[in-house]
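I opened a notebook page for this protein and will write down what I look up, entry by entry.

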Amino acid sequence: MQDLTHVNMDTDKKPPERKVERIRQDETLGSWFKITIPFGIKYEEKWLLSLIQKHCGVPFTPVEFHYEKMQAQFFVENANIAFALRNVSGKIYNEAKERISVFVDPCDAPHSVQKELRSAKVEQMKLTLNRQNEGSQKSLHIQRLRLDPGLMISGMGTAQNPGNAMTTCLQLYGENVPKLLSLDLSNWKPYQLVGLPNTVEHASHIKNLNLSNTEVKSAWEMDKVQWLEPDEMCADRNPLCTTFPDKSSSISSILELFPKLLCLDGQETPPATHRGAEARQCLPRCKGSFFGSNELKSLVLQFLQQYYLIHDYGDRQYLLGAYHDEACFSLTIPFNPQDPASSSFYQYLEENRNMKKLKDPDLKVQLLKHTKGDIVRALSVLPQTRHDFSSFVVDIWFQTETMLCFSVNGVFKEVGGWSQGCVRAFTRTFITTPATSSSLCIVNDELFVREASPSETQSTAFFIPVPTASASSVCTLSQEQQEMVQAFSNQSQMKFE
């Protein structure tokens, strides 16, 4: 994740040449990059490439331009070009004056380029593989293969660009070794395993997996080998095992990824039945909303009803009164440009302050909305929504005489924009101070939006609560009643509520 973020979000304070030099010295990426334009399917290829080239400043040759789902994608070779393209993002506009984003990710060489490996070099690779596997026909040591002198001399050494050459090596290995029983990935880095699951097609028989001294620091980095089902594993000196407070937590984390593992670092693992019981104990049942007292419940529910009625049905400029003059707001979405489903978050991208991926310190400050004017302007450009009040789960997690902190989870539907009809799940954390004895003033507002799960989507109702004399009582309106109220509101200029 750090390597990919380094390309996407690296600060512009250093010249591209210096950044490229540092990255290549660290061996964190090869020379090929995938360029993704969200909603690029709307644009004709020649027009889009011409627009990007006009603002790029560095000549480039797109390779394998194509449309995938809603995105336009192509490949470029050269880190300088990749950084130049990354800097174009948000600076070009379509005919409707909408910003066009450009995402850059390091990748293996595209398929058409991989096919261009000369047959002589492929034959040299075959000879090297046959020599290495004499007397050991069912094991593969990746590090030894990577640094093989024969491959280095033939020009196929993988030290400079591990992805392209290793993919070819593994394809040839899969063709020559019908049943691979032992796979040694020791001293390897996660990003160097790109293409491994797709190229070793006969690895389902693996019994022994060595991940010792790798640079795997989190469980999600193991997804490239999670499809394996080994009986034995060595994870000695693996950072993933040293980040846990005790050994049992480390073992449990690995067993979640490899449930059929029988032996870890030379010791037998707990029976599978016990693992299931432990997993169930780690998932407590949701307890619903927590308010602390009826007074706080009434205060917070009234605040949420008023806030979201204006947010969903009124002019969001009226939310100015809900915020402190120096309030702060940030929006986060778990955006992955390689996931086609993420393209529906297009209208949230410009304000996305995802701290796990954002490394540019200047951009961190820029995306933090400070003062209530900036906050309301940011909220006003987000898609029109309808929140389902029946889905809200409220947790008041801190309270003093001068401060009230609470979080609300729920779902909403977009009723305008590119993704009209999409159902989202959200978590919103408010830090407030008392404005009066019966109202709150927001000083900090954090909003996290993600795709709703199927169960969340099916259970939505999207009823409209109407405040009455009693703040805790909530009723619903039919569709016909909603239309009548909205029509009268428009004619009389009275607020919907």
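The entries below go from the whole chain to single sheets and then to the cysteines.

**Entry 1: the whole protein**

I noted first that this is a predicted model. I looked up the secondary structure and found 18 helices and 19 strands. Next I asked how much of the protein counts as buried. The value is 44% of the 497 residues. I also looked up the exposed surface, which comes to about 26100 Å². Carbon and sulfur atoms supply 52% of that area. Then I checked contacts between residues with a separation of 6 or more, and 66% of them link residues 24 or more positions apart.

**Entry 2: an open sheet of 4 strands**

I wanted to know in which order the strands of the open sheet are placed. I read the order as β2-β3-β1-β6, with antiparallel pairing. At the edges I found β2 (63–68) and β6 (103–107). Each of these has a single partner strand, so one side of each has no neighbour in the sheet. From one strand to the next, the twist averages 25°.

I reminded myself that strands of a sheet pair through backbone hydrogen bonds, either parallel or antiparallel. I then followed the edge strand β2 to β3 (residues 71–77) and found 4 bridges in the antiparallel sense. Across this pairing, V63 stands opposite F75 of β3.

**Entry 3: helices across that sheet**

I asked which strands helix α3 lies across. Helix α3, residues 45–56, lies across β1 (32–37), β2 and β3. Its direction is at about 120° to β2. I did the same for helix α4, residues 79–88, and found that helix α4 lies across β1, β3 and β6. The angle between helix α4 and β3 is about 145°.

**Entry 4: β13 and its partners**

I turned to β13, which covers residues 323–332. Of its 10 residues, 7 are buried, and I wrote the strand down as mostly covered. I looked up two partners of β13. With β19 (residues 439–451), β13 pairs in the parallel sense over 6 bridges. In this pairing L331 stands opposite L447. With β14 (residues 369–370), β13 runs antiparallel, and 2 bridges join them. Here C328 stands opposite H370.

**Entry 5: from β17 to β19**

I asked how many bridges join β17 and β18. There are 10 between β17 (residues 404–414) and β18 (residues 423–436), in the antiparallel sense. One residue pair I picked out was F406 with its bridge partner F430 in β18.

I went on from β18 to β19, and these pair antiparallel over 12 bridges. A hairpin of 2 residues joins β18 to β19. I also noted that I431 has N444 in β19 as its bridge partner. By this route β19 has β18 as an antiparallel partner and β13 as a parallel one.

**Entry 6: cysteines**

I looked for disulfides and counted 0 in the structure. Then I asked whether C263 is buried or exposed. C263 has 17% relative accessibility, and the cut-off for buried is under 20%, so C263 counts as buried. I checked C405 in the same way, and its relative accessible area is 2%. C405 is therefore buried as well.

Technical notes: Residues numbered from 1 in each chain as written. Predicted model: local features only at pLDDT ≥ 70, side-chain atom pairs only at ≥ 80, totals over all residues. Heavy atoms only, no water. Disulfide = S-S within 2.5 Å. Buried < 20%, exposed > 50% of the residue type's maximum accessible area, 1.4 Å probe, protein only. Pairing = 2+ DSSP bridges. Axes fitted to C-alpha atoms, helices over the stretch in contact; angles between N-to-C directions. Contact = heavy atoms within 4.5 Å. Areas by Shrake-Rupley, 256 points an atom, 1.4 Å probe, with all protein chains shown as cover.
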